[in-house]
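Please open the structure in a viewer and keep the selection tool at hand. The tour proceeds from the broad divisions of the chain to its finer details.

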Amino acid sequence: MSVRERVSALRHLPAFLKLIWQTSPTLTLSNIGLRLLRAALPLALLYVGRLILDDVVALTKLPPAGRALGPVFGLVALEFGLVLLTDALGRAVALLDSLLGDLFANASSVRLMRHAAELDLDQFEDSTFYDKLERARRQTLSRSVLMSQVLAQGQDAVTLVLLAGGLVAFQPWLLGLLLLAVVPAFLGESHFNERSYSLSHSWTPERRELDYLRQTGASDETAKEVKIFGLSDFLINRFSTLSDQFYSQNKALALRRAGWGTVFAAIGAAGYYGAYLYIIKQAVGGAISIGQLTFLAGSFARLRALLEGILSRFSQVADGALYLQDFFDFFQIMPRIVRPMVGQAVRPFPRPIRQGFTFEEVGFKYKNAEKWALRHLSFELRAGEKLALVGENGAGKTTLVKLLARLYDPSEGRILLDGHDLREYDPAELRQEIGVIFQDFVRFQLPAGQNLAVGRIEERSNQPRIEQAAHQSLADSVIAKLPLGYDQMIGRRFNGGVDLSGGEWQKIALGRAYMREAQLLILDEPTAALDARAEYEVFERFKELTQGKTAVLISHRFSTVRMADRILVIEHGRVQEIGSHEELLARGGRYAELFQLQAAGYR
Ligand SMILES: Nc1ncnc2c1ncn2[C@@H]1O[C@H](COP(=O)(O)OP(=O)(O)OP(=O)(O)O)[C@@H](O)[C@H]1O
């Protein structure tokens, strides 16, 4: 990455500053105001110092009787006041920086979570997306450092201009000497920063793996299998190998950086002493006063430190700005499954659904997948019917459900709802009207009541409704056994949490479907972990509770499947056959074969 690229990364700064401003205009303004005041103090201090010295020298030349100390003491008092002010302003600025930085980091995290929530599911399945997300996430904290750096940069630039003004008035070429002394250090600094950015950038996937290994090696979710399979050495070895590699690459860079840094510092010091010699010569020759000598030497030293600071901070700011690129890149990723554009009419969602859903030659291929998960799939899901999906592992049942809920859009063909393409409706409204309980439903680490309320989170305070859903899904008997009932934290992650069995969790998840009040209910293997009696009861209730609603059931248990109005057998992403239990049995096709197979197992 060249200096040009770094400079061009700075183009993100205005947008960045705008974000800071939006976080808190008051804090930002106060910060800038105080910094401006603080920026003028070094010049004022040097100048007062010069006046004091010149006064003292003048006094020594007077006869002892005429030496009035009043004015000098006044100047010293002024300098004392300025020193106190410098310190107070410095602290105030640091305080404002940290407050603003915290607010900004929080606001950025919220923005990040908001944006991530809008993105499509397939974007989450893409590993380069994860790298971007990861880099953007990593930056939430260091971005507040960047903010302080940018503001400090502005402050130092103001001090620099003021001090340089004084130096130029005395001898313009001293400024040239100054630049000569600091430029090598700056170039060196840029070079090494670029190296370390490239190194850290190229290591993003490995760092993600390191985080994953660290987590897998020590977390409640994995502990069981890590122990049983004796995986800890395997995980630790992989972690050590990766982290050692990163350490040695980083170490080589750090060593070179330290070496060159020493050389550049020496060049800078030589520049300063060159200028110092010149100024001393001027003072001895009587061209300038002793006060001016200290003022100029002080200005020069100060300027050198300032310039060095500004230049090296420039690299850091440019670096930070490069990371901003990652941050803004992440916000550039836009979901594709969105409301139809303004101008195109959004079709109001039918209440109730009249005809139902029609799949027309639907094909779908996952990103990065070789084979089609579904292909040439055509069938109808009629309004009000209960349709069961049957098929072997990997046949495409869950994929079909995801397409219905528009977690993905078909790669080929289309899905119609009441005769219109699903894409003409507002996806948010569609999802509101669909309740899906996936086989890999989430075990939220929340109190039992809220775990059910997840199905309709707006109703989380509606206790009667939660209890009713619990009753319908048989979760009430699970909750009755919990020490704190509906307020009992479930899951082991947090203090006082109680874990549930697989089937108990499933009853809770099922309760979410009943919270939902959706027109289309989809249960993806909802009863796999339930015992036989619970399963029977769940389905008795399910039939009652979904009266008049459309429902899709995925199950490998034919005792469940046969209760559906119609059964769709999927094989390799296509419709194999469709019909009622009796029809399919009479046909003697695939369904009949699978049914007999399972029935034989029970005899
Ligand atoms: N996120 C994904 N990325 C890539 N391929 C996927 C993804 N999810 C599923 N697949 C593939 O798509 C095909 C259909 O999977 P799907 O989950 O729809 O099957 P299923 O019928 O629900 O299976 P099961 O009975 O095992 O739940 C499978 O070959 C699977 O490997």
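Begin by colouring the protein chain of this predicted model by domain: domain 1 covers 7–332, domain 2 joins 350–433 with 519–603, and domain 3 spans 443–517. Then place a marker at the C-alpha centre of domain 1 and another at that of domain 2; the two centres are 59 Å apart.

Next, select the stretches that UniProt, in an unreviewed entry, lists under "transmembrane region": residues 65–85, 157–187 and 258–279. Within residues 65–85, 76% of the chain is helix and 0% is strand, and 35 Å lie between the end C-alpha atoms. Turning to residues 157–187, one finds 94% helix and 0% strand, with the end C-alpha atoms 19 Å apart.

Now display helix α3 (residues 25–60) together with helix α11 (residues 290–332). How are these two helices packed, and at what angle? Their axes lie 7 Å apart and form an angle of about 155°. Because this angle is over 145 degrees, α3 counts as roughly antiparallel to α11. The crossing of α3 past α11 is right-handed.

Finally, select the ligand and its surroundings. Which residues are found around the ligand? They are E125, Y366, A369, A373, G391, N393, G394, A395, G396, K397, T398 and T399. Colouring this shell by class shows six polar residues, four nonpolar residues and two charged residues.

Key
Residues are numbered from 1 along each chain as its sequence is written. This is a predicted model: local features need pLDDT of at least 70, side-chain atom pairs count only at pLDDT 80 or more; totals for chains, interfaces and linings use all residues. Domain bounds come from an automatic or database domain assignment. UniProt positions are given in the numbering used here, feature names are shortened, and annotations may be inferred rather than shown by experiment. Helices (H or I, at least four residues) and strands (E, at least two) are DSSP runs, numbered from the N terminus. A residue is near a molecule or strand if its C-beta atom, placed from the backbone, lies within 6 Å of it. Ala, Val, Leu, Ile, Met, Phe, Trp, Tyr, Cys and Pro count as nonpolar, Asp, Glu, Lys and Arg as charged, and the others, Gly among them, as polar. Axes are lines fitted to C-alpha atoms, for helices over the stretch in contact, and angles run from 0 to 180 degrees between N-to-C directions. Angles under 35 degrees count as roughly parallel, over 145 as roughly antiparallel, 65 to 115 as roughly perpendicular and the rest as oblique. A crossing is left-handed if the near helix is turned anticlockwise from the far one by less than a right angle, and right-handed if clockwise.
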